[in-house]
Amino acid sequence: MADIFELFKKIQKEPDMTREPVSYIVAGLGNPGEKYTHTRHNAGFMALDYISEKHSFNINKVKFKSLCAEAVISGKRILFVKPQTFMNNSGEALREASAFYKIPCENIIILFDDISLEPGKIRIRRKGSAGGHNGIKSIIEHLSGDNFPRIKIGVGAKPHPDYDLADWVLGEIPKNDREIFFSALSDAAEALKLLIENKADEAMAKYN
């Protein structure tokens with residue numbers, strides 16, 4: 001019986017993370033619909049799928065024009081968001097979610113594709129311009145600022161300058177690039193953990 005009382009005491013002392021408020025929003029960018037599932041532009045969606053599988057939660061609640069889930073990582077309650085507005089209007093979802101939870105820009109982390117990085121590479125930035133990425137451009141417009149961290153996931157550059165950019169980013173990741181691409185998703189998950197732990201310098205030193 002004494003062991004049972006000791007167990008109750010231990011449970012009472014442990015923090016109940018289900019009562020912790022959401023303190024971060026993590027968004028992966030992409031386009032909804034099966035035909036876009038394995039395209040370069042859906043690298044952000046794929047990163048969140050990897051993270052959710054690793055931490056055993058499902059991103060399937062419909063809210064803020066998105067598919068959402070809440071989970072605790074490194075002691076922080078996080079709202080994971082996959083905007084369903086299509087890439088060019090990603091900011092609509094982030095504006096609604098951040099206003100609801102009163103999350104400042106610096107606690108909104110975006111994962112997305114980057115054609116300037118080779119497949120298998122990632123790059124972490126604390127803030128910055130859109131760099132030609134329409135999803136990031138929309139987020140900057142709707143959040144009225146660019147002071148949000150981001151994890152860029154390399155998908156490779158166009159094969160030649162005349163190649164249509166939309167055709168490139170909406171093209172599927174080729175099979176010979178998928179293994180190294182998926183290794184980048186693992187790195188992105190680890191980099192995200194460091195950002196949540198306020199270790200941005202360590203994340204940039206390790207992965208940039």
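Which residues are buried in α2? The first legend below has the list.

**View 1. A look at helix α2 and what packs over it.** This is a predicted model, where local features need pLDDT of at least 70, side-chain atom pairs count only at pLDDT 80 or more, and totals for chains, interfaces and linings use all residues. Residues are numbered from 1 along each chain as its sequence is written, and side-chain values use heavy atoms, with hydrogens and water left out. In α2, the buried residues are Ala43, Gly44, Phe45, Met46, Ala47, Leu48, Ile51 and Ser52 (buried is under 20% relative accessible area, exposed over 50%, partly exposed in between, with a 1.4 Å probe and protein chains only). Helices (H or I, at least four residues) and strands (E, at least two) are DSSP runs, numbered from the N terminus. The cover over these buried residues includes β1 (22–28), β3, β4 (76–83), β5 (108–114), β7 (150–154) and α6. The twelve residues of α2 (residues 43–54) should span 16 Å at 1.5 Å a residue, and the end C-alpha atoms are indeed 16 Å apart (the expected span is 1.5 Å times one less than the number of residues). Just after α2, Ser56 takes a positive phi of about 60 degrees.

**View 2. Phe80 and the nonpolar cores.** The largest nonpolar core has 36 residues, and Phe80, Leu111, Ile124, Ile151 and Ile153 touch the most other members. A core here is a set of buried Ala, Val, Leu, Ile, Met, Phe, Trp, Tyr and Cys residues joined through side-chain atoms within 4.5 Å. Helix α6 (residues 175–196) gives the most to this core, with ten residues. Leaving out residues up to four places away in sequence, Phe80 touches a list including Val26, Leu48, Ile51, Phe57 and Leu192 (contact means heavy atoms within 4.5 Å). There's also a second, separate core of 22 residues, with Cys68, Met87, Ile103 and Ile136 among them.

**View 3. Phe64, Phe100 and company.** The structure holds seven aromatic pairs; rings of Phe, Tyr and Trp (its six-membered ring) pair if their centres lie within 6.5 Å, and planes under 30 degrees apart count as stacked, over 60 as edge-to-face and the rest as tilted. Phe64 and Phe100 make a tilted pair, because their ring centres are 5.5 Å apart and their planes sit at 55 degrees. Phe64 is in the loop between β2 (61–63) and β3 (66–73) while Phe100 is in helix α3 (residues 90–101), so the pair ties together parts 36 residues apart in sequence. Phe64 is buried, at 9% relative accessible area. Add Tyr101 to Phe64 and Phe100 and you have one aromatic cluster. The charged end of Lys63 sits over the Phe100 ring, 4.3 Å from its centre (that takes NZ of Lys or CZ of Arg within 6 Å of the ring centre and within 35 degrees of the ring normal).

**View 4. Trp168 between a ring and a charge.** The rings of Tyr163 and Trp168 have centres 5.7 Å apart and planes at 85 degrees, so this pair is edge-to-face. Trp168 is buried at 13% relative accessible area, whereas Tyr163 is partly exposed at 32%. The charged end of Arg40 sits over the ring of Trp168, 3.5 Å from its centre.
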